[in-house]
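Let's take a walk through this protein, from its rings to its hollow spaces and its ligand. Have a look at the model first.

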Amino acid sequence: MKPTVYITRKIPEEALEIIQASCEVKMWDKEDTPVPRDILKKEIQDVEGIYCLLTENIDAELLSEANNLKIISNMAVGYNNIDVEAASEKGIMVTNTPGILTETTADLTFALLMAASRRLIESSDYLREGKWKTWSPMLLTGQDIYGATLGIIGLGRIGEAVARRANGFGMNVLYNGRSRKMRAEEELDISFADKETLLRESDFVCVLTPYRPETVNLINESELALMKSSAVLVNTSRGGIVNEDALYDALKNGEIWAAGLDVFKTEPASPDHPLLTLPNVVALPHIGSASKHTRLNMAKMAADHLLQGLNDEVPAHLVNEVRV
Ligand code: DGY
């Protein structure tokens, strides 16, 4: 008998076909919105596999409903939407999709860095709104990228990929994380700095650390106060790592110069979000990995993980220690 699985959103056809070839599939495909919790609560009861997105909050309460669940395959590298400890206690495997989205997310991180520092959105609006009357020496002037210092908070795969891009721009790169990475320091010509030094010395600060209890509000009022008034903050990781109220105040009061944000504490962010009222914020709707090629590969990788777990194999990217 084929195992039964539940897919929480319509996924690319190629990924769906991989799953359909060996599973009985049920899917939330009514609309492109997260599956209602009561439906997921019901569906999780009997299935052996769940294929989900970062929009699903797979917490202990939901997991307590699962009777036959073997694997949760998350189509994202971040898995803070899943209570991994609760899953492990029930012997449920959890997988994510690292690696394949690294370069795409690094591209977007750099795009935000450039857009915020050179005021691209503001300048484009200026032109479209008919405000461009003449070339002017100090019109829409921004901050230089070439030769500046970039501070990377969280030197994982994406952090390293951002550092490689920074090298091409002649930037000096500092990083901070849980541990020193000697190989990366050598290969990328980057230096470790404690968080305070990094914040004080960087012209650009990129937040690329995973969302964990200890990284909630990692960048708050006192961290922002250390930054240069000309500095640009970029966050493409998770919204809760940067305190949004503190960021708003710092941007509004000129304590830092600009921010590029792809992620928000609550998503989707409301169009009335205070940060969106500031001209020195470039904001995007969590599109870090959103290239056609990468999203398709993420979808297929998550499909492969699902089948590996259902076949009692150790999935390629298992994030918890569960005896298979
Ligand atoms: C992830 O994978 O965690 C990103 O936030 C979306 O690609």
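Two aromatic pairs turn up in this predicted structure. Rings of Phe, Tyr and Trp (its six-membered ring) pair if their centres lie within 6.5 Å; planes under 30 degrees apart count as stacked, over 60 as edge-to-face and the rest as tilted. Take Phe110 and Phe169: their ring centres are 4.9 Å apart and their planes sit at 40°, so this pair is tilted. Phe110 belongs to helix α5, while Phe169 is in the loop between α7 (157-168) and β7 (172-176), so the pair ties together parts that are 59 residues apart in sequence. Helices (H or I, at least four residues) and strands (E, at least two) are DSSP runs, numbered from the N terminus.

A quick word on the ground rules: this is a predicted model, where local features need pLDDT of at least 70, side-chain atom pairs count only at pLDDT 80 or more, and totals for chains, interfaces and linings use all residues. Residues are numbered from 1 along each chain as its sequence is written, and side-chain values use heavy atoms, with hydrogens and water left out.

Now to the ligand. Which residues are around the ligand? They are Leu54, Ala76, Val77, Gly78, Leu101, Arg238, His286, Ser289 and Met298, where being near takes a heavy atom within 4 Å. By class, this shell has five nonpolar, three polar and one charged. Ala, Val, Leu, Ile, Met, Phe, Trp, Tyr, Cys and Pro count as nonpolar, Asp, Glu, Lys and Arg as charged, and the others, Gly among them, as polar.

Here are some polar contacts (pairs of N or O atoms within 3.5 Å):

| Residue | Part in contact | Distance to a ligand oxygen atom |
|---|---|---|
| Gly78 | polar backbone atom | 2.8 Å |
| His286 | side-chain N or O atom | 2.7 Å |
| Ser289 | polar side-chain atom | 2.5 Å |

On its own the ligand exposes 230 Å², and the protein buries 90% of that (Shrake-Rupley method, 1.4 Å probe).

What about empty space? The structure has one cavity of 30 Å³ or more. On a 1 Å grid over the protein atoms alone, a cavity is a set of points where a 1.4 Å probe fits but cannot get out, and lining residues have an atom within 4 Å of a point. The largest cavity holds about 40 Å³, a volume being the space filled by probe spheres set on the points. Its lining has six nonpolar, two polar and one charged residues, including Asn235, Glu244 and Phe264.

Conventions
A polar contact is a pair of N or O atoms within 3.5 Å; within protein, one must be able to donate a hydrogen and the other to accept it, and residues adjacent in sequence count only if both atoms are side-chain atoms. On a 1 Å grid over the protein atoms alone, a cavity is a set of points where a 1.4 Å probe fits but cannot get out, and a pocket is an open set with protein on both sides within 12 Å along at least five of seven lines; lining residues have an atom within 4 Å of a point.
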